[in-house]
Amino acid sequence: MIRACRDYFEVEVEREVGLNAATVASFLWDIMRLDPEMKYRHGLAWVKASYRFISLGMLVILDSILNRITANRMKGKETFIFIDEIYLLFMHEFSAQFLFKLWKRVRKYGAYCTGITQNVDDFLQSHTARTMLSNSEYIVMLNQAATDRVELAKLLNISDLQLSYITNVEAGCGLIKVDSSLVPFVNKFPRDTKLYRLMTSNLSEVTAQR
């Protein structure tokens with residue numbers, strides 16, 4: 001797989017710079033693994049090649065997930081998929097379309113997809129993502145920014161009263177959409193527990209534990 005990815009990277013660099021760039025691409029590939037910041041020190045050819053390379057990488061990962069779902073189905077197992085910062089997959093057309101098809105198909109294979117994102121506005125800039133969100137059976141919304149609330153209200157038909165449950169609310173409070181129903185919730189998890197300390201992503205709390 002690494003050899004195939006490297007070959008693809010060389011082809012893309014050669015395509016952009018217009019000459020035999022295999023040696024240059026090989027060098028860039030080696031440096032990239034050692035120096036992730038190098039992409040900020042090179043030009044347009046690097047950016048274009050990297051964009052296609054990232055798209056390929058996302059497709060490889062998504063395809064491997066589909067293969068695992070299929071294998072689990074043959075074994076009679078359910079598969080639960082959690083995609084953090086899901087909006088990143090919609091920055092690339094190929095991965096967006098693949099995920100869209102996966103989202104519609106996985107229930108037939110005994111799998112369940114969950115997408116997670118902090119800023120809905122980034123997510124809703126994609127028409128494909130908007131379609132996926134509007135067709136999702138279960139959505140949990142926590143405190144939302146003003147612009148995000150407006151878009152969610154239009155997409156999910158949320159009333160002004162219901163919007164109040166995701167407007168300037170504390171952590172653990174929000175609105176759940178289940179099928180066509182919208183239900184407010186309050187989930188005050190005890191902070192003096194081991195489970196809370198394992199789950200918290202609050203940097204100050206994590207630092208205080210060390």
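Here is a short chat about a helix pair and a sheet in this predicted model.

User: Why is helix 6 called oblique to helix 7?

Analyst: The axes of helix 6 (residues 127-134) and helix 7 (residues 146-156) cross at roughly 60 degrees. Roughly parallel needs an angle under 35 degrees, and roughly perpendicular runs from 65 to 115. The crossing fits neither, so helix 6 counts as oblique to helix 7. As for handedness, the crossing of these two helices is right-handed.

User: What makes helix 6 and helix 7 a contact, and which residues meet?

Analyst: Contact means heavy atoms within 4.5 Å. On the helix 6 side you've got Arg130, Leu133 and Ser134, and they meet Glu151, Leu152, Leu155 and Leu156 of helix 7. By kind, that's 4 nonpolar, 1 polar and 2 charged residues.

User: OK, on to the sheet. Why do strand 3 and strand 5 count as edges?

Analyst: The open sheet has 3 strands in the order 3-4-5, with antiparallel pairing. Strand 3 (138-141) and strand 5 (181-186) each have a single partner strand, so one side of each has no neighbour in the sheet. Neighbouring strands here are turned by 20 degrees against each other on average, direction ignored.

User: How do you know that strand 4 and strand 5 pair?

Analyst: Pairing takes at least two bridges between the strands. Strand 4 (residues 173-178) and strand 5 have 6 bridges, in the antiparallel sense, so they pass that cut-off. If you want a spot to look at, find Ile176, which stands opposite Val183 in strand 5.

How values were computed: Residues numbered from 1 in each chain as written. Predicted model: local features only at pLDDT ≥ 70, side-chain atom pairs only at ≥ 80, totals over all residues. Heavy atoms only, no water. Axes fitted to C-alpha atoms, helices over the stretch in contact; angles between N-to-C directions. Helix = DSSP H or I, 4+ residues; strand = E, 2+ residues; numbered from the N terminus. Parallel < 35°, antiparallel > 145°, perpendicular 65-115°, else oblique. Left-handed = near helix turned anticlockwise from the far one by under 90°. Nonpolar A, V, L, I, M, F, W, Y, C, P; charged D, E, K, R; others polar.
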